[in-house]
Every structure is written in C-alpha cells, then in structure tokens.
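Open the model in your viewer and keep the sequence panel beside it. This tour tells you what to select at each stop and what you will find there.

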Amino acid sequence: MPLPRIVIVAVGAITTVSAVIADLVVPDLAAQHAFNPGWPPHAKFHDAQYMVMTVLLGLIGLALALWRQDRNTRGRLLCAAAVLAVPWLGMFGALAFPGTATYDPEFADRTVFVLGMHGQVFMAVVLLLALLGAAAAATLRGGEAGVRR
C-alpha cells in the first residue's frame, strides 16, 4: 500500500473512533462532554451529533481511501483527505464563535496541553498536516507518490 494511502487510512481510523473515545469512553474526558452534569440536554444532543457525524465522516474517508475498483485512485484519495479534514477543521471554525473554548474552566486542572495547545487542537494540527502531506504526495506526477494514475 502506498504511503499516501497508508497515512489517509490511519487518519481515517483515528477520525472514526476519536470523538467517541474522547467524549463518551475515557472517564475524565467523558465527564467534560457526554456525562457533564452541567451541560443542558441540547448541548449533549450536539455533542452526540458531533460524535455520530465524525464516525460517519471517518467511515466515508476510509471507504474512499480503501476502494480500489477504478482508475481514479488519486481523485479518491484527495476526496478522502478532504472528507477526513472536515471534523478537524471544524474545531478551528468553532473557536471563532463567541463564548466558545476548548475546555470548561472547572476542568482546567485536568486539561492536557501539548506545545502550548489544547490536546485536541494539537491532534487536529498533526492530523491536518498528515492529510496535507498525503494529499500533496498523491498529486505528485510519476511514481514518487506510489499512486496509480
């Protein structure tokens, strides 16, 4: 399997499971999201919506990256990268709205920061850079990208 496809598949797998794991499964993180008693039902609805949407986007990205039936591999890989970028780019868009934050103040002591960035934002940057690199490699001409034309 060519490297661009491997990277996109890895990001697809992470995207498919990460929101559910972070917002529902890991106790310290779930306490800040799905099981946060301070959140009203409508906020929890949108958290659940985000989890389901991220799983679906991850599965669509994986299907596009793994499907090998036609000759447009490069186009499918670029579409997969674009689909998988949506939830991660959405984090930055969400921060532009008034009153939003990457964590609630009562959880400040349990919030993980990496290189000065909230852990989720750091993960988004890493995965977006990986997708950008894979997309660039997939668009290279010749055999460098390891992608059929």
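Two residues are in contact when they have heavy atoms within 4.5 Å of each other. Keep that in mind for this predicted model. Take the contacts in the chain with a separation of 6 or more: residues 24 or more positions apart account for 67% of them.

**Stop 1: the whole chain**

Select everything and colour by secondary structure. You should find five helices and two strands. Trace the chain from the N terminus, and the elements run α-α-α-α-β-β-α. Now turn the model around. Its C-alpha atoms fill a box of roughly 55 × 30 × 25 Å along the principal axes.

Switch on the surface. The chain exposes about 8,500 Å². Carbon and sulfur atoms supply 73% of that area. Of the 149 residues, 34% count as buried.

Next, colour the charges. There are 10 positive and 8 negative ones, and the mean positions of the two groups lie 23 Å apart.

**Stop 2: the nonpolar core**

Hide the surface. Which residues touch the most other members of the largest nonpolar core? Select Ile 8, Ala 65, Trp 88 and Leu 131 to see them. This core has 19 residues. The elements that give two or more residues to it are α1 (3-25), α3 (41-66), α4 (73-95) and α5 (119-139).

Zoom in on Ile 8. Leave out residues up to four places away in sequence. Ile 8 then touches Ala 65, Leu 77, Ala 80, Ala 81, Leu 84, Leu 131 and Ala 134. Two of the names from the start of this stop, Ala 65 and Leu 131, are among them.

**Stop 3: helix α3**

Select α3. This helix has 26 residues. From its first C-alpha to its last it reaches 37 Å, close to the 38 Å expected at 1.5 Å a residue.

Now show its buried residues: Asp 47, Met 51, Thr 54, Leu 57, Gly 58, Gly 61, Leu 62 and Ala 65. Look at the spacing of those numbers. An α-helix has 3.6 residues a turn, so residues three or four places apart point the same way. What do the buried residues of α3 pack against? Show α1 and α4 to find their partners.

**Stop 4: Leu 84 and Leu 128**

Move to Leu 84, in helix α4. Buried or exposed? Leu 84 has 0% relative accessibility, so it counts as buried, the cut-off being under 20%. Show its contacts, again without neighbours within four places in sequence. They are Ile 8, Val 11, Gly 12, Thr 15, Leu 57, Gly 58, Gly 61 and Leu 131.

Next, pick Leu 128 in helix α5. Along the sequence, Leu 128 and Leu 84 are 44 residues apart. In space, their C-alpha atoms are 8.7 Å apart. Leu 128 is buried too, because its relative accessible area of 18% is under 20%. Beyond its neighbours within four places, Leu 128 is in contact with Ala 85, Trp 88, Leu 89 and Phe 92.

**Stop 5: two residues of α1**

Select Ser 18, which lies in helix α1. Its relative accessible area is 15%, so Ser 18 is buried. Leaving aside neighbours within four places, Ser 18 is in contact with Trp 88 and Met 123. You have met Trp 88 before, among the core residues that touch the most other members.

Now pick Val 25, also found in α1. Val 25 is exposed, because its relative accessible area of 53% is over 50%. Beyond its neighbours within four places, Val 25 is in contact with Val 20 and Ala 30. Measure back to Gly 12, which is 13 residues away along the chain. The C-alpha atoms of Val 25 and Gly 12 are separated by 19 Å.

**Stop 6: the loop at Leu 115**

Finish between the strands. Leu 115 sits in the loop between β1 (113-114) and β2 (117-118). Check its backbone angles. Most residues other than glycine have a negative phi. Leu 115 has a positive phi of about 55 degrees, although it is not a glycine. Is its side exposed or buried? Leu 115 has a relative accessible area of 73%, so it is exposed.

Note on methods. Residues numbered from 1 in each chain as written. Predicted model: local features only at pLDDT ≥ 70, side-chain atom pairs only at ≥ 80, totals over all residues. Heavy atoms only, no water. Core = buried A, V, L, I, M, F, W, Y, C linked by side-chain atoms within 4.5 Å. Buried < 20%, exposed > 50% of the residue type's maximum accessible area, 1.4 Å probe, protein only. Helix = DSSP H or I, 4+ residues; strand = E, 2+ residues; numbered from the N terminus. Areas by Shrake-Rupley, 256 points an atom, 1.4 Å probe, with all protein chains shown as cover. Lys, Arg positive; Asp, Glu negative; His and termini not counted. Charge placed at Lys NZ, Arg CZ, Asp CG, Glu CD. Expected span 1.5 Å × (residues − 1).
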